[in-house]
Amino acid sequence: MAIFEVTAHGFDGGSDLTDDRVFWVISTSRELVEDCIVGTGAELWGEGIGVLGDEDLVDFRLPSEQIIFKTTLLKFLEE
């Protein structure tokens, strides 16, 4: 298990206005995160960011929350 940083479509690191588009995901594999973001415009920024024990800071847990994670990312693509 590792923690990954994913930014949704429209994220601008130079502006605090898009901070709601940053998600922390704990997953069994990088490939699973990559599969979830396909077609959403999201970007995967890092692998193994954070340490286990930081799970309370995680927004989504994969694989159990795959559908809600992808649905959340797709909402930003539609904006």
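**A four-stranded sheet and its two helices**

The sheet is where I would like to begin: four strands form an open sheet in the order β3-β1-β2-β4, and the pairing within it is mixed. The edges of this sheet are β3, residues 43-46, and β4, residues 60-62, each of which pairs on one side only. Neighbouring strands are turned against each other by 35 degrees on average, with direction ignored. Please keep in mind throughout that this is a predicted model.

Let me go through the pairings. Strand β1, residues 2-7, runs antiparallel to strand β2, residues 22-27, and six bridges join the two. If you would like to find the register on the screen, F4 has V25 as its bridge partner in β2, and A2 has S27 as its partner in that strand. On the β4 side the sense is parallel, with three bridges between β2 and β4, and here V25 stands opposite F60 of β4. V25 is therefore a convenient residue to centre the view on, since its bridge partners include F4 in β1 as well as F60 in β4, with strands defined as DSSP runs.

Now to the helices, beginning with α1. This helix, residues 30-37, lies across β1, β2, β3 and β4, and runs at about 150 degrees to β3. Which residues of α1 are buried? They are L32, V33, C36 and I37, and, seen down the axis of α1, the buried residues fall within an arc of 130 degrees, so they line one face of the helix. What these residues pack against is β1, β2, β3 and β4, together with the other helix, α2.

There is also a salt bridge inside α1, formed by R30 and E34, with the closest N and O atoms 3.0 Å apart. Both residues belong to this helix and are four residues apart, which is about one turn. Why do I call both of them partly exposed? Partly exposed covers the range between the 20% below which a residue is buried and the 50% above which it is exposed, and R30 comes out at 28% relative accessibility, while E34 has a relative accessible area of 30%.

On either side of α1 there are details that deserve a look. Ahead of the helix, in the loop between β2 and α1, sits S29, which is partly exposed at 24% relative accessible area. S29 and E47 are separated by 18 residues in sequence, and their C-alpha atoms are 9.3 Å apart in space. Following the helix comes G39, which has a positive phi, near 80 degrees.

The chain reaches the second helix by way of the loop between β4 and α2, which is where P63 has its place. The peptide bond from L62 to P63 is cis, with an omega near 20 degrees, and I would suggest pausing on that bond when the model is rotated.

Helix α2 comprises residues 66-78. What is its length, and does the expected span agree or disagree with the distance between its ends? At 1.5 Å a residue, its 13 residues should span 18 Å, and the end C-alpha atoms are 19 Å apart, which agrees. The buried residues of α2 include F69, T72, L73 and F76, and, viewed down the helix axis, the buried residues lie within an arc of 90 degrees, so they line one face. Among the elements that cover them are β1, β2, α1 and β4. On the face turned away from this buried side, α2 carries the exposed residues I67, K75 and E78.

I will finish with the salt bridges, of which the structure holds two. One is the pair within α1 that I have already described, R30 with E34. The other brings together the side chains of E79 and R21, at 2.6 Å from N to O, and this pair links distant parts of the chain, with E79 in the segment after α2 and R21 in the loop between β1 and β2, 58 residues apart. Are these two residues buried or exposed? E79 is exposed, because its relative accessible area is 65%, whereas R21 counts as buried, because its relative accessibility is 12%.

Key:
Residues numbered from 1 in each chain as written. Predicted model: local features only at pLDDT ≥ 70, side-chain atom pairs only at ≥ 80, totals over all residues. Heavy atoms only, no water. Pairing = 2+ DSSP bridges. Axes fitted to C-alpha atoms, helices over the stretch in contact; angles between N-to-C directions. Contact = heavy atoms within 4.5 Å. Expected span 1.5 Å × (residues − 1). Buried < 20%, exposed > 50% of the residue type's maximum accessible area, 1.4 Å probe, protein only. Arc of directions from axis to C-beta. Salt bridge = Lys/Arg side-chain N within 4 Å of Asp/Glu carboxyl O.
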